[in-house]
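Here are some notes from my reading of this model, set out as numbered points. I hope they are handy to have beside you as you turn the structure around.

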Amino acid sequence: MRANSLTREPELQKLWEENQVFKRVSDNNNGGTFILHDGPPYANGDLHMGHALNKILKDIINRYKLLQNYKVQYIPGWDCHGLPIELKGKYIIGYGPLRTLPCEILQSLDQEVRKELTPLKLRAKAAKFAKATVKTQMESFKRFGVWADWNNPYLTLDPEYEAAQIEVFGQMALQGYIYRGRKPVHWSPSSRTALAEAELEGLTFPADVYLEGTDQHRGWFQSSLLTSIATKGKAPYSAVITHGFVLDEKGMKMSKSLGNVVDPRLVIEGGKNSKDAPAYGADVMRLWVSSVDYTGDVLIGPQILRQMSDIYRKLRGTLRYLLGNLHDWRVDNAVPYQDLAIIDQHALFQLESVVKNIQECYENYQFFKIFQVEVLSSMETEMVSSVQHTGEYVDGENKVWIGVSRAEGSKCERCWNYSGQVGSFSEHPTLCGRCFKVIVANPPEPVAAAVIN
């Protein structure tokens, strides 16, 4: 468990992908099926911390369900339709590598270019941009450490997806849920397109959980619910989980103009100035996600990331120490519970209580409470002070006595060993006999003082 996360994390993630770890673990489980449906993010740009919060929360749930012996199905999706992608498409010129015009709005385009930008050309450019963005975002999600069926994502521009949408729409029309009427439509003169207020989405999945931001109560959650109720007579999910927005450390909305944007890529890989923007790796970002109460808005910034990094190092060091102590442990080393010392019995009792509480938190999707668990918080000082530090270890016919006792004498300030000789030497009363001999045999050279006129 080395700390060079910039090297080790991509190596591990490549290993997961090449060996199809997610698929193999899921296929080998036999405890039922668990489906977490991925509400598709817009394929219209780079990822932000809201994406990181969303996808990592989903990944924590999926990994827990895998450990609970479920066959986990998690198919990532992307929304490739809508005005944001159309606007991006209008920036794109040519059919080589994607390039953007210096301008940021459609009105800046040359009049002749605007005339030539027919709806079909615009859709083709938008589709090309969306597909390229999907690839970029997919690689970023993988770098976050997210497990998913990356080889078979669903895109809303795929013909199969669009056919399924038409099929669902047809079912709703046959049942009388679709009618022709009049309603106001918001029109954008500059973009020459309608602004959608609501959108049929779908393809409905019989999911166990939907997990998205609070803004989806009037969006993905509602459109999926209405469509499923109309066509199947039941909700498309068993549970809905919502998370808040990501704000800066002061609780302010992130904005480029304010300079308070936290880029997940920079959190992982670091910036040009390693002092101001150190590379923390994906694990520190994932630890942050597990630590926040996502039911409301959450905060992140340089100070919070530094704190998470410190906690991560301590946690990693603790796990490394524990694994080091257990590396040669065998089942026949086990001691019956009734033969354990009282302190060890109490520790096992505490451990069982902690495991139970952690499992309840996972079942209720309250990961931040797991982060706050302190394993030894309830142990009393008297119990710790009365630990028996001596005993006999029996291995067959071999007996080994193990003992720990307080060292006699005082601590030598040079070597930090305890010795009864400390205080015996008038010239060096703080040294033990060994260090005294070294100092006497190699006395320090006198320091010559230079006088400057």
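1. Let me begin with Phe144, which counts as buried at 3% relative accessibility. In this predicted model, Phe144 belongs to the loop between α6 and β4 (154-155). Have a look at its contact across the chain, too: the C-alpha atoms of Phe144 and Ile56 are separated by 7.3 Å, while the two residues are 88 apart along the chain.

2. Next comes the helix that leads into this loop, α6 (residues 119-143). With 25 residues at 1.5 Å a residue, α6 should span 36 Å, and its end C-alpha atoms are indeed 36 Å apart, so expectation and model agree. Among the buried residues of α6 are Leu122, Ala126, Phe129, Ala130, Thr133, Val134, Gln137, Met138 and Phe141. Because an α-helix has 3.6 residues a turn, residues three or four places apart point the same way. You may also like to check the charged side of that list, since Lys125, Lys142 and Arg143 are buried as well. Just after α6, Gly145 takes a positive phi of about 90°.

3. Which strands pair with β7? Strand β1 (residues 33-37) runs parallel to β7 and is joined to it by 2 bridges, and strand β8 (residues 237-243) also pairs with β7 in the parallel sense, over 6 bridges. For particular positions, His37 stands opposite Tyr210 in β7, and Gly213 has His243 in β8 as its bridge partner.

4. Is β7 enclosed or open? With 6 of its 7 residues buried, β7 is largely enclosed by the rest of the structure. Following the chain onward, β7, α8 and β8 make a right-handed β-α-β unit.

5. Now to the rings, where the count comes to 14 aromatic pairs. The rings of Tyr210 and Trp220 have centres 6.1 Å apart and planes at 20°; planes under 30 degrees apart count as stacked, so this pair is stacked. Tyr210 is in strand β7 (residues 207-213) and Trp220 in helix α8 (residues 220-232), so the pair links distant parts of the chain, 10 residues apart. Both Tyr210 and Trp220 are buried.

6. Tyr210 has a second ring partner to look at. With Phe221, Tyr210 forms a tilted aromatic pair, 6.4 Å centre to centre and with 35° between the planes. Since Tyr210 lies in strand β7 and Phe221 in helix α8, this pair ties together parts that are 11 residues apart in sequence. Phe221 is buried, as is Tyr210. Elsewhere, one aromatic cluster is formed by Tyr64, Tyr294, Tyr362 and Phe367.

7. Where do charged groups meet rings? The charged end of Arg63 sits over the ring of Trp147, at 4.0 Å from the ring centre. Lys411 lies over the face of Trp416, 4.6 Å from the centre of that ring.

8. Trp416 deserves a second look. Trp416 is found in the loop between β13 (410-411) and β14 (418-419). At 61% relative accessibility, Trp416 counts as exposed. The phi of Trp416 is near 65°, a positive value in a residue other than glycine.

9. Asn69 also has a positive phi, of about 75°, although Asn69 is not a glycine. Asn69 lies in the loop between α3 (49-67) and β2 (71-73). With a relative accessible area of 28%, Asn69 is partly exposed.

10. Last, the cysteines: how many disulfides does the structure hold? The number is 0. Cys412 is in no disulfide, and the nearest cysteine sulfur to its own, that of Cys435, is 3.8 Å away. A disulfide needs the two sulfur atoms within 2.5 Å, so neither this distance nor a longer one would qualify. Cys412 is buried, with a relative accessible area of 0%. Cys435 is likewise in no disulfide, and its nearest cysteine sulfur, that of Cys432, is 3.7 Å away. Cys435 is buried too, at a relative accessible area of 1%.

Terms used:
Residues are numbered from 1 along each chain as its sequence is written. This is a predicted model: local features need pLDDT of at least 70, side-chain atom pairs count only at pLDDT 80 or more; totals for chains, interfaces and linings use all residues. Side-chain values use heavy atoms; hydrogens and water are left out. Rings of Phe, Tyr and Trp (its six-membered ring) pair if their centres lie within 6.5 Å; planes under 30 degrees apart count as stacked, over 60 as edge-to-face and the rest as tilted. Helices (H or I, at least four residues) and strands (E, at least two) are DSSP runs, numbered from the N terminus. Buried means under 20% relative accessible area, exposed over 50%, partly exposed in between (1.4 Å probe, protein chains only). A charge sits over a ring if NZ of Lys or CZ of Arg is within 6 Å of the ring centre and within 35 degrees of the ring normal. Two strands pair if DSSP finds at least two bridges between them. A crossover is right-handed if, with the strands pointing away from the viewer, the path from the first strand over the helix to the second runs clockwise. The expected span of a helix is 1.5 Å times one less than its number of residues.
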